[in-house]
Amino acid sequence: MQCRAYLLPGLRIADRERQRRMLRAIGLILGIVGSLWSPAAQAAVFKFPSVNGWKQVGEIQRFDPNTLYEYINGGADLYLAYDFEELMVAEYQNDKKAAVTVDIYRHRTSTHAFGIYSQERSPGANLIDVGVQGYVEKHALNFLFGSAYVKIASYDTGPEDQTILLAFAKGVAGNLGEKGAFPSIVTVFPAEGKVKNSEKFIARKFLGYPFLHSAFCADYEVSGRNFKLFIIEGKDQADCRDMLGKYLEQVGMKDKSVVEGPYTLSDAYHGEIDLRWRGVRIWGILDLGDPGLRATYFRLFEEELQKAK
Amino acid sequence: MKRHLIGRRDFVKTTLAGCGGLLLLPSEAKAQETKSVESKGKERKFVYRTLGKTGLKLPVINMGVMNSDNPNLIKAALDSGMVLLDTAHGYMGGRNEETIGSVIKGRPRDSFMIGSKVSLPQDRSTGLYLEGATTEEFLRKLDISLKRLGVDHVEILYHHGVSRKESVVHEPVLKAMEKAKKEGKIRFAGISTHMNEPEVVHATVDSKFYDVILVAYNFQQQHMSEVRSAIARAAQAGIGIVGMKAIRGGHRQTPTVQSAAAALKWVLQDPNVHTIVPGFTAFEEMETDLAVLENPKLTEDEKKTLQKEASLTSLYCQGCRQCLKQCRNHLPVPDLMRAYMYTYAYRNLALAQDLVLSLNLPNHACEDCSQCSVKCSVGFNVSAKIKDVVRLKDVPSEFIG
């Protein structure tokens, strides 16, 4: 096979040879850089921890977006929606034949890892201080760490279950590097009435609409009313204009001009929605019928957005 | 490198295999009826079938809630005329059942039905249960699910993700199901399977224990005719059949189907399938399903689309992994078949080469055997494909874009 297709026409043979060498060098460099940055390379340097009294059994299993189905079947769809890149699985056993499985899911960004973590975290979860945040329940401990979502499951571990899970969690966290933080935008949700740990990142089809690509949201409970605040970050203003334009069309307001400012939409599926567009952000309130409370929460939301600028 | 994508003879052979029996379906269900339903203020006529001996009358499409965290989407599905919400103890770490709970709160209990699933620890490589797979653990999970859902019973509780006949009759699960039925926590005992489906379905019929089977069934399955026969036998025995993975092909991710409606209709052409529970996360997907619910008959154009797509599936390994035990040289055959798929179906040589290089293959893979010991379950000429695709090892990476 020759690399003729890559060569520019009209060059002398010596020039062509020089260009050929240059292309090879560029290819080599790109290949090396690519492999260093790839999740596979990160995975290669990651070492599953040793935990006292436990022995790693079997090979480390690896799954990519094409094979994740083999491990979690239909559950893979949700992980793929959060730009899943690689899963590494290690299994451990102790002398009593109790078992622990450590799953490390790597996602494209820490925001996507937060997204999938937030989908599975219950607001009432028993939180623990591992990684950015984690929680533990019977036979399971999950935590967020940078672009990794770590899930540890135990089996037949008896009354020491949580101690064992924590020992594994600390061991894994110790080998993962920089733990990162929650996406900074979650701080813009006003504290008043917010359901603790209800913040989520929805990676696709926010509100059930493919044109609203992604959003952050949080749940609120005020005087017995349950509602949701959300914020969408566009790539740029044009992206926001496009999303809003499509939303207006969806709710039968396609003749309305799409300009920055407030909107009240009557959505057949979600009821009345108030939202605002400014710059690269669209934010709004869902499932709140009380206009007074809506106004209060828009004010609080916008104060936080100002602070975050 | 000599390029021959798919030989003409191979193409014809695999295409015929892929299409085999695709449209040779029994006539549509006689036991179906059309019911006028108020769907978001409009009157629509939806097709209903009876879920075997359970006697439950269900629209032929219901909602697989699995990946939806959107309460308004679930509300819309119920308000539009869907009845059965399909979920599981493990979906979204339990948040899926909680979301359903928030939607059904306050709705009349006879206006919706719930199918949930409980799994117990299995050995991943054999599909057999581990020691901790006990009656108590099963019932503990069921109680948590009922609490999350905010109900005192579910219509169907499935024994989740069964892939072996031995697991179908795992005594602790049968005891748990019996107890749950007696206590009124479940109305019907079900079993779900998305791997080795024919064996599981036949074992389920033989067990005479279960009322409902939730089974992966779609036009792209290579072993579709075996699944179809097993389903027919189960339906004949009075077991209610719920189809899943009508659009996606089970434990592998297929490229997006060209027509979701056609894929759904294909399953519903089989009168032995009583309902299906496709997952959706967008309102437009729900509207597609509702349109099929009104008219599940395949059009001529849809039939052509399905035939064309089915011919492509012949490039995909079905992941049965039987070859792993058969290969004398212990080659990672499913991975190599995946590399072959990347090369010829996805036309992604870089991905294929990355995979081939990561497998640490011996030199001259397949060259040492005079006769291949692998008998592929879908008839792939495994050694020819391996010899073909391992040549990527020798191609300099910079030539592969």
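How many residues of chain B are in contact with chain A, and how many of chain A with chain B? That was my opening entry. I found 44 residues of chain B in contact with 37 residues of chain A. I note here that the model is predicted.

**Entry: the interface**

I looked up the buried area next. Chain B and chain A bury about 3,500 Å² between them. Carbon and sulfur atoms carry 50% of that area. I then asked which three residues of chain B supply more of its share than any other three. They are R124(B), F283(B) and F399(B), with 17% of the area that chain B buries against chain A.

**Entry: the two chains**

I took chain A to begin with. I counted eight helices and 13 strands there. Chain A has 309 residues, and 49% of them count as buried. I also checked its contacts with a separation of 6 or more. Residues 24 or more positions apart account for 56% of these in chain A.

Then I turned to chain B. I counted 15 helices and eleven strands. Its length is 401 residues, with 56% buried. For contacts with a separation of 6 or more, residues 24 or more positions apart make up 73% in chain B.

**Entry: the nonpolar cores**

I recalled a general point before looking. In soluble globular proteins, nonpolar side chains tend to be buried together. Here the largest nonpolar core holds 165 residues. Which of its residues touch the most other members? I found Y247(A) and M286(B). Helix 9 of chain B, residues 260-268, gives this core its largest share, seven residues. A second, separate core has 29 residues, among them L336(B), Y340(B), M341(B) and V390(B).

I followed M286(B) further. I left aside its neighbours within four places in sequence. M286(B) is then in contact with Y269(A) of the other chain. On chain B, M286(B) is in contact with L73(B), A76(B), A77(B), S80(B), M82(B) and F280(B).

**Entry: helix 2 of chain B**

Several of those contacts sent me to helix 2 of chain B. Is this helix mostly covered or mostly uncovered? I found it mostly covered, with seven of its ten residues buried. The buried ones are N72(B), L73(B), I74(B), A76(B), A77(B), L78(B) and S80(B). I listed what they pack against in chain B: strand 1, strand 2 (42-50), strand 4 (63-64), strand 5 (84-86), helix 3 and helix 10 (283-294).

I picked S39(B) as a residue of strand 1, which spans residues 33-39 of chain B. Its relative accessible area is 2%, under the 20% cut-off, so S39(B) is buried. Apart from neighbours within four places in sequence, S39(B) is in contact with R44(B), F46(B), D79(B) and S80(B).

**Entry: the second largest pocket**

I looked up its volume, which is about 760 Å³. The lining has 23 residues. Closest to the centre are D219(A), N226(A), K228(A), P71(B) and S102(B). Which elements give two or more residues to the lining? I noted strand 9 (215-222) and strand 10 (225-233) of chain A, together with helix 2 (71-80) and helix 3 (95-104) of chain B. Helix 3 of chain B gives the largest share, five residues. I sorted the lining by class: six residues are nonpolar, six polar and eleven charged.

**Entry: V277(B)**

I found V277(B) in the loop between strand 11 (275-276) and helix 10 of chain B. Is V277(B) buried or exposed? It is buried, because its relative accessible area of 7% is under 20%. V277(B) and V60(B) are 217 residues apart in sequence, and I read 8.6 Å between their C-alpha atoms. Beyond four places in sequence, the contacts of V277(B) include N62(B), M63(B), L84(B), L214(B) and V242(B).

**Entry: positive phi**

I wrote down the rule of thumb. Most residues other than glycine have a negative phi. K97(A) is not a glycine, yet its phi is positive, about 70°. I located K97(A) in the loop between strand 2 (84-93) and strand 3 (99-107) of chain A. K97(A) is exposed, with a relative accessible area of 55%.

H364(B) also has a positive phi, near 55°. I located H364(B) in the loop between helix 14 (349-358) and helix 15 (382-389) of chain B. The relative accessible area of H364(B) is 59%, over the 50% cut-off, so this residue is exposed.

Key:
Residues are numbered from 1 along each chain as its sequence is written. Chains are lettered from A and ligands numbered from 1 in the order in which they are written. This is a predicted model: local features need pLDDT of at least 70, side-chain atom pairs count only at pLDDT 80 or more; totals for chains, interfaces and linings use all residues. Side-chain values use heavy atoms; hydrogens and water are left out. Helices (H or I, at least four residues) and strands (E, at least two) are DSSP runs, numbered from the N terminus. Buried means under 20% relative accessible area, exposed over 50%, partly exposed in between (1.4 Å probe, protein chains only). Contact means heavy atoms within 4.5 Å. A nonpolar core is a set of buried Ala, Val, Leu, Ile, Met, Phe, Trp, Tyr and Cys residues joined through side-chain atoms within 4.5 Å. On a 1 Å grid over the protein atoms alone, a cavity is a set of points where a 1.4 Å probe fits but cannot get out, and a pocket is an open set with protein on both sides within 12 Å along at least five of seven lines; lining residues have an atom within 4 Å of a point. Grid points are joined across faces, edges and corners, and a volume is the space filled by probe spheres set on the points. Ala, Val, Leu, Ile, Met, Phe, Trp, Tyr, Cys and Pro count as nonpolar, Asp, Glu, Lys and Arg as charged, and the others, Gly among them, as polar. Buried area is the accessible area (1.4 Å probe) that two parts lose on being put together, summed over both.
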